Amino acid sequence: MKVHEYQAKELLKQYGVPVPEGGVATTSEAAATIAESIGTKVVVKAQIHAGGRGKAGGVKLVDTPAEAAEVADSLLGKTLVTYQTGPGGSVVNQVLVEGAVAIASELYLGMVIDRATERVVVMACTEGGVEIETVAAETPEKILKEFADPNMGLMPYQARNLAFGLGLKDKTASAAASFILKLYRLFVDKDCSIAEINPLITTEDGAVIALDAKLNFDDNALYRQEAVTELRDLGEEEPLEIEASKHGLSYIKLDGNVGCMVNGAGLAMATMDIIKLAGGEPANFLDVGGGAKEESVTNAFKIILADESVKAVLVNIFGGIVRCDIVAQGVINAAKALDLKTPVVVRLEGTNADEGMRLIDESGLKFETAKGLKSAAEKAVAAATAAGGE
């Protein structure tokens, strides 16, 4: 789950992490009021769940409250397109108005789960304000790393190693080490999956401040993070993904035309790869789960077909815990209930696969069956192309 920058900074403040003075506004008048209360130059920042806002014109430095109101008015209700939003962009419903800060240096600080070591890795770099992916690709030696022991946590000496590695000295180094330890505590306490401060800035008087902040949270831990869950902005999420979550389905909308209904995340990824290998583009990632039942299959079909770009559907099920005949009956029932016109290719393997295929063949519906994954993907791509999905 993602939150807006202003929400992330509210959480940072709860842990004593320094952030600029500011507030969120949903009207130009409110933006002017916040700017007036700050009393200095301010920065007006569009609030959407995407990076690259500055390059897209979503971050503006202004001198007066009147200018803050003008910029806010130009952003609120408008669609901002960045390299992370895709061509459709995201609508700006609120802006963050913050006091401008004199910057001595810009740094990068990030925390993620490193699955290779099964630890939280803390990354720091002198290249603040630059996408960390670019730094990793071009100058990976500039990225400093410390790994937190799951039992001991991030130790003070590790935070100091990072601060000194960034070239910081004296009270600035101490402030940076303190900043890192506080951010780590937030990361663990709130079940974060990503914490990124870019840029992390220093000032001439030795302060270390989060000029920007990005926090993502582990969806699987939200049941114990009620306060975090309340920050969820459904307006920033894909409607079909929201609907899928209501039915316990793992769904991510993509840009292709071949809908995918698969059980198991690994098989779903492999299915999308094979579709691309066959010359097509998957329209979604959808994992109905290892224990898929008729109801979940029906709901999955409804969600897939609600995407108007879908021109064909590939059902790829490996029966283990789930029985293929149950999935097949769910597919048949869904097709009848939805008066299905979209071509459907079905591949079933594993428990009761033969019985499942018999049900599909005797359903009287226009399903196409396939034995292997390669054949299934090729048939689905061909069907999508024939239906005008090029």
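1. The second largest pocket is lined by 13 residues, and those lying nearest its centre are Ile113, Asp191, Cys192, Ser193 and Asp218. A pocket is here an open set of points on a 1 Å grid over the protein atoms alone, where a 1.4 Å probe fits and where protein lies on both sides within 12 Å along at least five of seven lines, while a lining residue has an atom within 4 Å of a point. The volume of this second largest pocket is about 290 Å³, a volume being the space filled by probe spheres set on the points, with grid points joined across faces, edges and corners. This is a predicted model, in which local features need pLDDT of at least 70 and side-chain atom pairs count only at pLDDT 80 or more, whereas totals for chains, interfaces and linings use all residues. Residues are numbered from 1 along each chain as its sequence is written, and side-chain values use heavy atoms, with hydrogens and water left out.

2. Which elements give two or more residues to the lining of the second largest pocket? They are strand E7 (105-114), helix H6 (170-189) and strand E10 (192-202), and of these E10 gives the most, with 3 residues. Helices (H or I, at least four residues) and strands (E, at least two) are DSSP runs numbered from the N terminus. Sorted by class, the lining of the second largest pocket has 8 nonpolar, 1 polar and 4 charged residues, where Ala, Val, Leu, Ile, Met, Phe, Trp, Tyr, Cys and Pro count as nonpolar, Asp, Glu, Lys and Arg as charged, and the others, Gly among them, as polar.

3. For the protein as a whole, there are 13 helices and 18 strands, and the C-alpha atoms fill a box of roughly 80 × 50 × 40 Å, taken along the principal axes. Of the 390 residues, 49% are buried; buried means under 20% relative accessible area, exposed over 50%, and partly exposed in between (1.4 Å probe, protein chains only). Among contacts (heavy atoms within 4.5 Å) with a separation of 6 or more, 68% are between residues 24 or more positions apart.

4. His4 sits in the segment before helix H1 (5-14), and is this residue buried or exposed? His4 counts as buried, because its relative accessibility is 1%. Its side chain makes a polar contact of 3.4 Å with the side chain of Gln94; such a contact is a pair of N or O atoms within 3.5 Å, and within protein one atom must be able to donate a hydrogen and the other to accept it, while residues adjacent in sequence count only if both atoms are side-chain atoms. Apart from neighbours within four places in sequence, the residues in contact with His4 are Gln47, Ile48, His49, Gln94, Asp233 and Glu236.

5. Lys45, in strand E2 (residues 42-46), is also worth inspecting. With 7% relative accessibility Lys45 counts as buried, and its side chain is joined to that of Glu5 by a polar contact of 2.6 Å. Not counting residues up to four places away in sequence, Lys45 touches several residues, among them Gly58, Val59, Gln94 and Leu211. A network of salt bridges (each a side-chain nitrogen of Lys or Arg within 4 Å of a carboxyl oxygen of Asp or Glu) links Glu5, Lys9, Lys45, Arg53, Glu98 and Asp212.

6. The structure holds 18 salt bridges, and a few further pairs can be described in turn. In one of them, the side chains of Lys13 and Glu10 meet at 3.1 Å, N to O; because these two residues are 3 residues apart in helix H1, about one helical turn separates them. Lys13 is partly exposed at 43% relative accessibility, and Glu10 is partly exposed at 41%.

7. Asp149 forms a salt bridge with Arg119, with the closest N and O atoms 3.5 Å apart. Asp149 lies in the loop between strand E9 (144-148) and helix H5 (156-165) and Arg119 in strand E8 (residues 119-125), so the pair ties together parts that are 30 residues apart in sequence. Asp149 is partly exposed, with a relative accessible area of 22%, and Arg119 is partly exposed at 31%.

8. Arg358 forms a salt bridge with Glu362, the closest N and O atoms being 2.6 Å apart. Arg358 counts as partly exposed at 34% relative accessibility, whereas Glu362 counts as exposed at 56%.
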